[in-house]
Amino acid sequence: MSCKKWKKKLSSYLDNEVSYRERLKIEKHLKSCPACFNEFKQLERVHRLVQSIQPEKPRPGFYERLSERLSQEKLTLREKLVGWRYSWQLSFPRVGKIAVAISAVMLLSVSFYIWRSSISYEVNIKVFEEEYLRSQQMNSFVGELALPVFFEIK
Amino acid sequence: MNPGKVPQKLLQSLFVLIILSGGTASSLLAIEPKEILTHSLEAQFQLDFEGIQKTESRLPGRSYTITTSVIRQKPDFTYTATLAPSRFKRWITLDDGEFRIWHIQGSNEFKFFPSANSPEAKKIKKKSLNLIFNNYKLSRLLDSYILGRPVYVISLIPRHPGNPRRKVWIDKKTYLPLKEEDYNWKGKLISAFHYTKIHFDRRFPKKKFYRDLPRRPLKKIFSQKRFLSLKDLKGKIRFPIFIPRYRPPGYEFQEAVLLAKGRVVELTYTNGIGVICLSQMPSNIKLKGYFEGTHPLVWRKRGRTFVLIANIPREQLIKIKQSVK
Amino acid sequence: MQYSDEELVERCGAGDEESFRMLVERYQDRVYHIVYGIVGHKGEAEDLSQEVFLRVYRFLHCFKGKSRFYTWLYRLTVNVCLSAKRKRKNEPGKILSLANPSKHDDDPGEMELADESLSPLKVLQNREMAETIKFAINSLSEVLKSTFVLREFEELTYEELARVFRCSRGTIKSRLSRAREQLRRKIEPYLNGVV
């Protein structure tokens with residue numbers, strides 16, 4: 001493998017994100033190739049420099065300032081709602097208002113009902129089998145029985 | 001024959017007989033299966049060892065053989081790493097007496113369970129052992145050898161038919177179980193376990209094992225305590241629980257567990273070896289997936305769905321189902 | 001009582017303000033550090049960090065728990081930074097960089113290197129190195145920079161990074177490799193003691 005290809009792997013090697021086999025191969029190559037070794041040392045140096053940067057902290061009172069912004073947001077939202085109601089009260093004739101109110105209530109209750117019934121939870125059957133096997137394991141005399149559970153991991 | 005010699009010969013043979021029977025009686029009387037099992041409960045907490053074990057688990061329709069390397073350190077530390085089959089390969093567990101952490105090496109998957117080495121877990125095991133003494137006939141079979149080590153062999157036969165039976169091989173020197181086999185009432189193997197290698201008195205610095213775990217600060221993610229008693233349960237849930245009024249003889253309540261974020265309540269009953277799990281949840285919860293092989297009873301009643309899993313005869317299952325109120 | 005992130009999120013969902021506060025306080029320093037690493041300006045870092053948590057508050061109900069909370073949080077953080085940068089690109093006059101600390105700052109935008117027990121000459125050299133490395137990081141493209149910053153500051157694994165950036169592990173690998181190569185080239189003259 002040309003040095004170009006080795007050099008591409010140095011970053012992952014630095015992050016410890018290579019397989020055990022790869023790591024051995026890379027270490028072997030580094031021992032015999034001064035160019036790659038030098039480059040790796042430089043990568044290490046960069047990494048150390050970056051790591052030595054002091055973490056920045058925000059000014060004290062971060063949450064308080066955030067909280068204020070949050071309550072301001074809530075306020076503007078409320079104002080929007082109130083403003084809407086106010087303008088609504090001014091512009092509609094009486095009968096129209098009642099009709100709108102009734103249909104709004106109906107719509108809300110229907111959508112609420114739909115929302116309620118659409119919240120269906122799902123439980124994977126494997127959960128029951130796992131628990132059964134685990135309880136069985138508890139009753140074994142052996143302390144460390146291996147579990148054939150978690151068949152597939154998401 | 002000389003009349004004087006007959007009584008002498010008789011006496012001699014009687015003497016030999018007495019010695020022999022006394023000898024064998026004493027070697028059997030020397031230790032009772034009950035004692036052996038009681039010692040065995042504590043054994044793992046008093047040992048440092050490293051070993052490789054094979055666990056076989058048979059569900060009708062599927063069977064697993066898992067090879068794991070195990071390291072135990074006094075008093076309550078366990079580390080296991082799965083070696084085979086390859087799809088379970090980087091699964092490790094670490095138990096420190098407080099929590100059992102399960103993790104897939106190199107990933108961000110990890111789960112917390114209550115420790116199997118905690119005093120709580122020990123209490124449960126002790127309770128199960130007492131149930132075994134009540135529900136099973138214990139007998140010592142002929143001594144044997146495993147991995148070159150002399151072992152006691154104990155057989156446990158249920159007093160009530162329809163229950164699983166067990167055979168266990170326990171190391172004479174350390175009282176550690178080295179092999180165990182469970183059979184269901186039909187005589188089929190349910191699970192088997194044995195060590196293929198074991199080395200005692202191996203010490204390891206525990207820190208080395210923690211290195212494998214993710215570097216994120218390990219937050220104790222589960223907030224629900226397992227091993228709930230019925231009383232604990234009533235305090236945690238707002239809906240009434242249905243309880244089976246009939247339990248097969250010898251079965252007692254072991255624990256209640258909340259699954260699926262508190263939406264499913266699971267009650268476990270045991271006779272010491274066999275286990276019955278009854279889960280219940282509101283009917284609007286959909287079940288997805290398929291049963292790998294336990295053939296449970298599933299039914300609906302009064303707006304709730306029930307799932308009953310146990311390795312006992314079908315009539316017993318139905319009796320339990322009918323008694324759930 | 002130590003709550004997990006996921007527990008706090010649930011409690012926030014139930015309306016508990018105190019849990020939201022705990023969540024913010026748990027992550028505010030880290031988010032700020034990352035944002036500062038990406039935008040390089042203190043005032044903006046403060047502003048954007050607040051924006052991150054505002055979005056957390058607004059969209060907490062969208063967090064389904066499919067990933068870890070911090071993965072979701074860092075994704076939000078990166079998005080906030082990148083979209084801010086995009087906005088700024090359209091207003092060229094307002095581009096700020098580490099090399100030109102703005103007068104709007106309250107304190108000088110310096111990141112001190114950790115070791116202070118050195119001779120004045122060393123301290124000076126270190127400060128130069130600090131400036132150099134910061135400048136070099138800042139010169140990376142937005143995407144490379146944010147990947148690099150998250151990796152170096154938060155030590156996320158490649159898998160976690162892939163989840164944050166919604167790309168493949170291979171992409172993360174190559175991004176980090178390119179970022180490091182660029183930084184290495186920029187720093188090389190200094191490393192050889194020429195300056």
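In the predicted model, N124(A) has K288(B) as its bridge partner in β15(B). This bridge belongs to a pairing between two chains: strand β1 of chain A, residues 122-124, and strand β15 of chain B, residues 286-288, run parallel and are joined by three bridges. The contact between the two chains draws on 26 residues of chain A and 48 residues of chain B. On the chain B side, the residues that touch chain A divide into 24 nonpolar, 17 polar and seven charged.

A helix of chain A also takes part in the arrangement. Helix α6(A), residues 126-138, lies across four strands of chain B, namely β12, β13 (264-270), β14 (275-282) and β17. Relative to β14(B), the helix runs at about 150 degrees. Confidence in chain A is given by a mean pLDDT of 75, with 68% of the residues at 70 or more. In residues 150-154 of chain A the pLDDT falls below 50, and this stretch has three contacts in the model beyond near neighbours in sequence. Where pLDDT is low, predicted coordinates should not be read in detail.

Chain B contains six helices and 17 strands. Of its 325 residues, 30% are buried. Among the contacts in chain B with a separation of 6 or more, 48% are between residues 24 or more positions apart.

The strands crossed by α6(A) include β12, β13, β14 and β17 of chain B, and these strands are found in an open, antiparallel sheet of five with the order β12-β13-β14-β17-β16. The edges are formed by β12(B), residues 252-259, and β16(B), residues 297-301; each has a single partner strand, so one side of each has no neighbour in the sheet. On average, neighbouring strands of the sheet are turned by 20 degrees against each other when direction is ignored.

Within this sheet, β17(B) is paired with both β14(B) and β16(B). The antiparallel pairing of β14(B) with β17(B) comprises seven bridges, and I276(B) stands opposite A310(B) of β17(B). The antiparallel pairing of β16(B) with β17(B), which spans residues 304-310, comprises five bridges. Here V298(B) has V307(B) as its bridge partner, and K301(B) is bridged to R304(B). The hairpin of β16(B) and β17(B) has two residues between the strands, and R302(B) adopts a positive phi near 50 degrees. Strand β17(B) is mostly covered, with five of its seven residues buried.

V307(B) also belongs to a nonpolar core of 24 residues, which includes Y251(B), V265(B) and C277(B) and lies apart from the largest nonpolar core of the model. V265(B) is in turn in contact with I237(B), a residue in the loop between α5(B), residues 230-236, and β12(B). I237(B) and V265(B) are 28 residues apart in sequence, and their C-alpha atoms are 9.0 Å apart. Leaving aside neighbours within four places in sequence, the contacts of I237(B) are G262(B) and V265(B). I237(B) counts as partly exposed because it has 15 C-beta neighbours inside 10 Å, whereas 20 or more would be needed for a residue to count as buried.

Chain C differs in its secondary structure content: there are eight helices and zero strands. From the N terminus on, its elements therefore read α-α-α-α-α-α-α-α. Buried residues account for 35% of the 195 residues in chain C. Of the chain C contacts between residues at least 6 apart in sequence, 61% join residues at least 24 apart.

The largest nonpolar core comprises 51 residues, and the residues with the most contacts inside it are V35(C), V39(C), L48(C), C81(C), F148(C) and L150(C). Helix α2(C), residues 17-39, supplies the largest share of this core, with eleven residues. For L150(C), the contacts outside the neighbours within four places in sequence are I34(C), Y74(C), L156(C), L161(C) and V164(C).

Technical notes. Residues are numbered from 1 along each chain as its sequence is written. Chains are lettered from A and ligands numbered from 1 in the order in which they are written. This is a predicted model: local features need pLDDT of at least 70, side-chain atom pairs count only at pLDDT 80 or more; totals for chains, interfaces and linings use all residues. A residue is buried if 20 or more other C-beta atoms lie within 10 Å of its own, exposed if 12 or fewer, and partly exposed in between; C-beta atoms are placed from the backbone. Two residues are in contact if their C-beta atoms, placed from the backbone, lie within 7 Å. Two strands pair if DSSP finds at least two bridges between them. Axes are lines fitted to C-alpha atoms, for helices over the stretch in contact, and angles run from 0 to 180 degrees between N-to-C directions. Ala, Val, Leu, Ile, Met, Phe, Trp, Tyr, Cys and Pro count as nonpolar, Asp, Glu, Lys and Arg as charged, and the others, Gly among them, as polar. A nonpolar core is a set of buried Ala, Val, Leu, Ile, Met, Phe, Trp, Tyr and Cys residues joined through C-beta atoms within 7 Å. pLDDT is the predictor's confidence in each residue, from 0 to 100.
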